[in-house]
Amino acid sequence: TLSMLQDKMQEYLVSGAQLGWLIDPQEKKVHVYRPDATVEVLDDPKEVSGEPVLKGFVLKLEGILD
């Protein structure tokens with residue numbers, strides 16, 4: 001379930017992850033997780049940036065959220 005995945009993302013952050021994207025294709029949303037920050041929810045984005053953790057990396061969501 002989405003709730004279980006959200007809990008797992010929090011576990012990853014506690015374990016040291018610096019960035020996490022939880023992609024929900026049913027709702028066409030991306031939940032962006034970063035340490036010490038509130039979860040950012042993007043509605044039907046065309047792409048998400050990995051900045052500043054993954055400099056220059058952009059994940060294009062065409063075909064994923066369509």
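## Charged residues and the core in a predicted model

At a relative accessibility of 56%, Asp 43 counts as exposed. The model discussed here is predicted. Asp 43 forms a salt bridge with Lys 29, with 3.3 Å between the closest N and O atoms. This pair links distant parts of the chain: Asp 43 belongs to strand S3 (residues 40-43) and Lys 29 to strand S2, 14 residues apart. Lys 29 has a relative accessibility of 26% and therefore counts as partly exposed.

**Overall fold**

The protein chain contains 1 helix and 5 strands. Read from the N terminus, its elements run α-β-β-β-β-β. Its radius of gyration is 12 Å, close to the 11 Å that the globule rule gives for 66 residues, so the chain is as compact as a globular protein of that length. Along the principal axes, the C-alpha atoms fill a box of roughly 30 × 30 × 15 Å. Buried residues account for 23% of the 66 residues. Of the contacts between residues at least 6 apart in sequence, 26% join residues at least 24 apart.

**Salt bridges**

Side chains of opposite charge can pair when their charged atoms come close. The whole structure holds 4 salt bridges. The table gives the pairs described in this report.

| Salt bridge | Closest N to O |
|---|---|
| Asp 43 and Lys 29 | 3.3 Å |
| Glu 40 and Arg 34 | 3.4 Å |
| Glu 47 and Lys 60 | 3.2 Å |

The salt bridge between Glu 47 and Lys 60 also links distant parts of the chain, with Glu 47 in strand S4 (residues 47-49) and Lys 60 in strand S5 (residues 58-60), 13 residues apart. Lys 60 is exposed, with a relative accessible area of 56%, whereas Glu 47 is partly exposed at 40%. In the pair of Glu 40 and Arg 34, Glu 40 is partly exposed at 36% relative accessibility, and Arg 34 is partly exposed with a relative accessible area of 29%.

**Asp 24, a buried charge without a partner**

Asp 24 lies in strand S1 (residues 20-24). Asp 24 is buried but has no salt bridge. Its nearest side chain of opposite charge is that of Lys 29, 7.3 Å away. A salt bridge requires a side-chain nitrogen within 4 Å of a carboxyl oxygen, so a separation of 7.3 Å does not qualify. The side chain of Asp 24 instead reaches backbone nitrogens: that of Gln 26 at 3.2 Å and that of Glu 27 at 3.3 Å. Apart from neighbours within four places in sequence, Asp 24 is in contact with Leu 2, Lys 29 and Leu 65.

**Lys 29 and Leu 65**

Lys 29 lies in strand S2 (residues 29-33). Once neighbours within four places in sequence are set aside, its contacts are Leu 22, Ile 23, Asp 24, Val 41, Leu 42, Asp 43, Asp 44 and Leu 65. Lys 29 and Leu 65 are 36 residues apart in sequence, with their C-alpha atoms 7.9 Å apart in space.

Leu 65 is one of the 6 residues of the largest nonpolar core, together with Leu 19, Val 30, Val 32, Val 48 and Leu 61. With neighbours within four places again excluded, Leu 65 is in contact with Ile 23, Asp 24, Pro 25, Lys 28, Lys 29, Val 30, Asp 44 and Pro 45. The contacts of this core residue thus include both the buried Asp 24 and Lys 29, the salt-bridge partner of Asp 43.

Conventions:
Residues numbered from 1 in each chain as written. Predicted model: local features only at pLDDT ≥ 70, side-chain atom pairs only at ≥ 80, totals over all residues. Heavy atoms only, no water. Helix = DSSP H or I, 4+ residues; strand = E, 2+ residues; numbered from the N terminus. Buried < 20%, exposed > 50% of the residue type's maximum accessible area, 1.4 Å probe, protein only. Lys, Arg positive; Asp, Glu negative; His and termini not counted. Polar contact = N/O pair within 3.5 Å; in protein donor to acceptor, adjacent residues only side chain to side chain. Contact = heavy atoms within 4.5 Å. Core = buried A, V, L, I, M, F, W, Y, C linked by side-chain atoms within 4.5 Å. Rg over C-alpha atoms; globule rule 2.2 N^0.38 Å.
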